[in-house]
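This report describes one protein model, taking up its contacts, its sheet, its core and its loops in turn. The sequence and structure are shown first.

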Amino acid sequence: MELVGGPLDGQLLDVTALALEERTTGALLIAPRSAYGPGGRADYEPSAGGDPGRWNWIGDVP
């Protein structure tokens, strides 16, 4: 998946080990530069536009 927006913008995420359900719900990913500092999480979810190869940034969480 290509990550779009937020602190991980442009990075690729290997989701081959994730179950189909996990691929459709997104993930909280550790981000080196989030609103909560190093180690904070960035919330990425599948693209609302239906692009199966992209996850969009929703926001940061502690």
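## Contacts of Ala42

Beyond the residues within four places in sequence, Ala42 contacts Pro7, Ala27, Leu28, Leu29, Ala31, Trp57, Gly59 and Asp60. Ala42 also belongs to the largest nonpolar core of the protein.

## Model and confidence

The structure is a predicted model. Its mean pLDDT is 90, and 100% of the residues reach 70 or more. Among the elements, strand β1 (residues 2–4) has the highest mean pLDDT, at 96, while the lowest, 86, belongs to helix α1 (residues 20–25).

## The sheet

Four strands form an open sheet in the order β1-β4-β3-β2, with mixed pairing. At its edges stand β1 and β2, each of which pairs on one side only. Direction ignored, neighbouring strands of the sheet are turned against each other by 40 degrees on average.

The pairing can be followed from one edge to the other. Strands β1 and β4 run parallel and are joined by 3 bridges; here Leu3 stands opposite Trp55 in β4. Between β3 and β4 the pairing is antiparallel, over 6 bridges, and Glu45 faces Asn56 of β4 as its opposite residue. Strands β2 and β3 are likewise paired in the antiparallel sense, over 5 bridges, with Asp43 in β3 as the bridge partner of Leu28. In a regular strand, side chains alternate between the two faces of the sheet.

## The nonpolar core

The largest nonpolar core holds 8 residues: Leu3, Leu8, Val15, Leu29, Ala31, Ala42, Tyr44 and Trp55. Two elements, β2 (27–31) and β3 (40–46), each give two or more residues to this core. Leu3 and Trp55, which stand opposite one another in the pairing of β1 with β4, are both among the core residues.

Leu29, in strand β2, is a further member of the core. Its relative accessibility is 14%, so Leu29 counts as buried, the cut-off being under 20%. Setting aside residues up to four places away in sequence, Leu29 touches Leu3, Leu8, Leu13, Gly40, Arg41, Ala42 and Tyr44. Among these partners, Leu3, Leu8, Ala42 and Tyr44 are core residues as well. Arg54 is 25 residues from Leu29 in sequence, and their C-alpha atoms are 15 Å apart in space.

## Two loop residues

Which residues does Ser47 touch beyond its sequence neighbours? Ser47 lies in the loop between β3 and β4 (54–61), and, not counting residues up to four places away, its partners are Arg54, Trp55 and Asn56. Of these, Trp55 is part of the largest nonpolar core, and Asn56 is the residue of β4 that stands opposite Glu45. A polar side-chain atom of Ser47 is 3.2 Å from the backbone nitrogen of Gly49. The relative accessible area of Ser47 is 16%, and Ser47 is therefore classed as buried.

Is Ala35, in the loop between β2 and β3, buried or exposed? With a relative accessible area of 63%, Ala35 is exposed, because that class begins over 50%. Ala35 and Leu18 are separated by 17 residues in sequence and, from C-alpha to C-alpha, by 26 Å in space.

Conventions:
Residues are numbered from 1 along each chain as its sequence is written. This is a predicted model: local features need pLDDT of at least 70, side-chain atom pairs count only at pLDDT 80 or more; totals for chains, interfaces and linings use all residues. Side-chain values use heavy atoms; hydrogens and water are left out. pLDDT is the predictor's confidence in each residue, from 0 to 100. A nonpolar core is a set of buried Ala, Val, Leu, Ile, Met, Phe, Trp, Tyr and Cys residues joined through side-chain atoms within 4.5 Å. Buried means under 20% relative accessible area, exposed over 50%, partly exposed in between (1.4 Å probe, protein chains only). Contact means heavy atoms within 4.5 Å. Two strands pair if DSSP finds at least two bridges between them. Axes are lines fitted to C-alpha atoms, for helices over the stretch in contact, and angles run from 0 to 180 degrees between N-to-C directions. A polar contact is a pair of N or O atoms within 3.5 Å; within protein, one must be able to donate a hydrogen and the other to accept it, and residues adjacent in sequence count only if both atoms are side-chain atoms.
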